[in-house]
Number of protein chains: 2
Amino acid sequence: MNPALDAHGMLAVAIEQARIGLAEGGIPVGGAIFRTDGTLLGAGRNRLVQNGDPSMHGETDAFRAAGRQPRYGDLILVTTLAPCWYCTGLIHQFRFKQVIVGDSVNAQGGVAWLREKGFDILDLASSECIEMMAKFQRAHPGLWNECVGEG
Amino acid sequence: MNPALDAHGMLAVAIEQARIGLAEGGIPVGGAIFRTDGTLLGAGRNRLVQNGDPSMHGETDAFRAAGRQPRYGDLILVTTLAPCWYCTGLIHQFRFKQVIVGDSVNAQGGVAWLREKGFDILDLASSECIEMMAKFQRAHPGLWNECVGEG
């Protein structure tokens, strides 16, 4: 718990998850869920490779890790990579207050659609996130495609 | 594996999952993923109560259970209840060939949107599914609302 975390500090938590995933041989996408005061509720990462589990994206693993919550409309979801449609659906259903995105260069998912729907999307355009994902996609195109159902 | 399963037979697998969930004290939504020849790849159920895991809806638990798949465009996703937006996003991202729905009375989720997008949605209007969910929603409105983020 770090009540002083700003958006960049929150993204750093998700980036740490992505780097752990990369070190595990996985797809480097990390996510985290915070209260607006910066309290961390849960963090996670894509676990397709590690657990053979296609359902655990960075965002959904963070959602799982945060456990049962009475509501999500006052919570912030952070992700190192723009949410795919699966995770876009999660955001839409649970009405997160804000979504903080590290990289919307290497994937765009449903970000434009969420903005049209009035969601608050803060794109930090993090060079760390963008470079990590670009390098991964170049090195492992098959894994990347599998992860987003484009196998 | 039962290669002779038709749509109703596939839905019966999802209903069995929902009934297991209900017996566990959980939210009775079940899901399953099949090949078009009726081969079962994975089945699952909502596990919010059982595992304290809000990420496991009937559909996403079936997706997890089916494990890594080279593609989803030739697979059928079956669910006892119309997919919420989270599960609608899953369907959209992974381009399932067909979605078989048991009940679109007690929830509608993103079914109309998926149809607009050209997805093949087969609504079996199963009285067994409809009655099971209606009864659950009446008996446990708080759990139902939590499950769909309307707490």
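**Entry 1: the axis between the copies**

I began with the residue of chain A that comes closest to the rotation axis, and found that this is Gly89(A), with its C-alpha at 2.1 Å. I note at once that this is a predicted model, so I treat every value below as computed from it. Looking up how the copies are related, I found that a turn of 180 degrees with a shift of 0.0 Å along the axis lays chain A on chain B, with an RMSD of 0.0 Å. That is the relation of a two-fold axis. I then checked which surface each copy uses, and the same surface serves both, since 100% of the contact residues of chain A recur in chain B.

**Entry 2: helix 4 of chain A**

Gly89(A), the residue I started from, is one of the buried residues of helix 4 of chain A. How many residues of helix 4 (residues 85–94) of chain A are buried? I found 10 of the 10 to be buried, so this helix is largely enclosed by the rest of the structure. Among them are Trp85(A), Tyr86(A), His92(A) and Gln93(A), along with Leu90(A), Ile91(A) and Phe94(A). Just after the helix I came to Arg95(A), and I recorded that its phi is positive, near 55 degrees.

**Entry 3: the hairpin of chain A**

I next followed strand 1 (residues 30–35) of chain A, which is joined to strand 2 of chain A by 5 bridges, the two running antiparallel. Within this pairing I located Ala32(A), which stands opposite Ala43(A) in strand 2 of chain A. The two strands form a hairpin with 4 residues between them, and in the turn I noted Gly38(A), which has a positive phi of about 95 degrees. For strand 2 (residues 40–45) of chain A I also looked up burial: 5 of the 6 residues are buried, so the strand is largely enclosed by the rest of the structure.

**Entry 4: the sheet of chain B**

Turning to chain B, I read the strand order as 2-1-3-4-5 in an open sheet of 5 strands with mixed pairing. Its edge strands are strand 2 (40–45) and strand 5 (121–123) of chain B, each of which pairs on one side only. From one strand to the next the twist averages 15 degrees. Within the sheet, strand 3 (residues 75–81) and strand 4 (residues 98–103) of chain B pair in the parallel sense over 5 bridges, and there I found Val99(B) in strand 4 as the bridge partner of Leu77(B).

**Entry 5: helices against the sheet and each other**

I looked up which strands helix 3 of chain B lies across, and these are strand 1 (30–35), strand 2 and strand 3 of chain B, the helix running at about 140 degrees to strand 2. Helix 6 (residues 127–139) of chain B lies across strand 3 and strand 4, running at about 60 degrees to strand 4 of chain B.

How do helix 3 (residues 58–66) and helix 4 (residues 85–94) of chain B cross? Their axes come within 8 Å and cross at roughly 40 degrees, and the two helices are therefore oblique to each other. On the helix 3 side I listed Glu59(B), Thr60(B) and Phe63(B), which meet Tyr86(B), Cys87(B), Leu90(B) and Phe94(B) in helix 4 of chain B. By class, this contact has 5 nonpolar, 1 polar and 1 charged residues.

**Entry 6: His140(B)**

Last, I placed His140(B) in the loop between helix 6 and helix 7 (141–147) of chain B. His140(B) counts as partly exposed, at 38% relative accessibility. Its C-alpha is separated by 8.9 Å from that of Ile27(B), although the two residues are 113 residues apart along the chain.

Conventions. Residues numbered from 1 in each chain as written. Chains lettered and ligands numbered in written order. Predicted model: local features only at pLDDT ≥ 70, side-chain atom pairs only at ≥ 80, totals over all residues. Heavy atoms only, no water. Least-squares fit on C-alpha atoms with pLDDT ≥ 70 in both. Contact = heavy atoms within 4.5 Å. Axes fitted to C-alpha atoms, helices over the stretch in contact; angles between N-to-C directions. Parallel < 35°, antiparallel > 145°, perpendicular 65-115°, else oblique. Nonpolar A, V, L, I, M, F, W, Y, C, P; charged D, E, K, R; others polar. Buried < 20%, exposed > 50% of the residue type's maximum accessible area, 1.4 Å probe, protein only. Pairing = 2+ DSSP bridges.
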